[in-house]
Amino acid sequence: MNSSNLKTFLTSNVDMDEQIIREHIENLKKVQVKKGNFLLRQGDVCKHSFFVEEGLLKYYSIDEKGKQHILQFAPEGWFVVDRESAFFNQPSQCFIEALEDSVVTMIDVDMFASLSLHNQSFALFNNKLLHNHIRHLQNRINLLLSASAEERYLDFIRIYPDLLLRVPQTLVASYLGITPESLSRVRKDLATRKHQKQ
């Protein structure tokens, strides 16, 4: 299991005094989450952003028929938050669950706003994080509406290059919006073409 530290992540990405970063994050709560346990349940109001230090989380919804729809995986070094719930104080429509035993830093939703007010460099970084998240969501919507199953799968590998051995195929298929059988065919076709080229 890899590990990622929030302080290291921030100091390596933001031109900001390390002491200021340390002062803001030293009192943040770090929690150990067992596989299968939840950081957020449908109906709760999301009070934190979650930074994954170790392990793996999934962010998903369940429709009226009981079908699970994976919106995001969050491995080490990733943030996950239900923005609608956290920033508009709405009951969440989603769940955040540990797929592996995980260590997660809980970040109060106001902390990044506070840091942004006091430091222009952090404000630019936070803005970049937000726009990168929006870009990722727009790309996902476009892929789900117009791309083939193979194109979606190749994009998944690009975004999550290390997750295929950590995530069950059924969950990968849920993220891609296809059936596990379709995913098996895509993987088989790609493997066959790769073998033929060798």
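This passage describes strand pairing, salt bridges and one helix in a predicted model.

The strands make a convenient starting point. An open sheet is built from four strands, arranged in the order β1-β8-β3-β6 with antiparallel pairing. At its edges lie β1 (29–33) and β6 (79–80), each of which pairs on one side only. Strand β1 is joined to β8 (residues 102–108) by five bridges, and the two run antiparallel. Within this pair, lysine 30 has threonine 105 of β8 standing opposite. As general background, strands of a sheet pair through backbone hydrogen bonds, in either a parallel or an antiparallel manner.

A further antiparallel pairing involves β4 and β5 (residues 68–74), which share six bridges. Isoleucine 62 finds its bridge partner in β5 at glutamine 68. The hairpin made by β4 and β5 has five residues between the strands, and in this hairpin glycine 66 adopts a positive phi near 85 degrees.

Attention now turns to charged side chains. Such groups can pair when they are of opposite charge and their charged atoms come close. In this model the count of salt bridges comes to seven. One of them joins arginine 22 to glutamate 18, with 3.1 Å between the closest N and O atoms. These two residues are four apart in helix α2 (residues 18–25), so about one helical turn separates arginine 22 from glutamate 18. The geometry fits a general rule: an α-helix has 3.6 residues a turn, so residues three or four places apart point the same way. Both partners have some access to the surroundings: arginine 22 is partly exposed at a relative accessible area of 32%, and glutamate 18 is likewise partly exposed at 36%. The pair also belongs to a network of salt bridges that links Lys7, Glu18 and Arg22.

Other salt bridges connect distant parts of the chain. Glutamate 97 and lysine 58 meet through their side chains at 3.9 Å, N to O. Glutamate 97 sits in strand β7 (residues 95–98) and lysine 58 in strand β4 (residues 57–62), which places the partners 39 residues apart. Glutamate 97 and lysine 58 are both buried. In another salt bridge, the side chains of glutamate 100 and arginine 166 come to 2.8 Å, N to O. Here the partners are 66 residues apart, with glutamate 100 in the loop between β7 and β8 and arginine 166 in the loop between α6 (149–159) and α7 (169–176). Their surroundings can be compared through accessibility: glutamate 100 is buried, with a relative accessible area of 16%, whereas arginine 166 is partly exposed at 23%.

Finally, helix α8 (residues 180–197) shows how its residues are distributed around an axis. This helix comprises 18 residues and extends 26 Å from its first C-alpha to its last, close to the 26 Å expected at 1.5 Å a residue. Its buried residues include Ser182, Leu183, Val186 and Leu190. Because these four cover an arc of only 105 degrees around the axis, they lie on the same side of α8. The face turned away from that buried side carries the exposed residues Arg185, Lys188, His195 and Gln196. Among the elements that cover the buried residues of α8 are α6 and α7.

Methods
Residues numbered from 1 in each chain as written. Predicted model: local features only at pLDDT ≥ 70, side-chain atom pairs only at ≥ 80, totals over all residues. Heavy atoms only, no water. Pairing = 2+ DSSP bridges. Salt bridge = Lys/Arg side-chain N within 4 Å of Asp/Glu carboxyl O. Buried < 20%, exposed > 50% of the residue type's maximum accessible area, 1.4 Å probe, protein only. Expected span 1.5 Å × (residues − 1). Arc of directions from axis to C-beta. Contact = heavy atoms within 4.5 Å.
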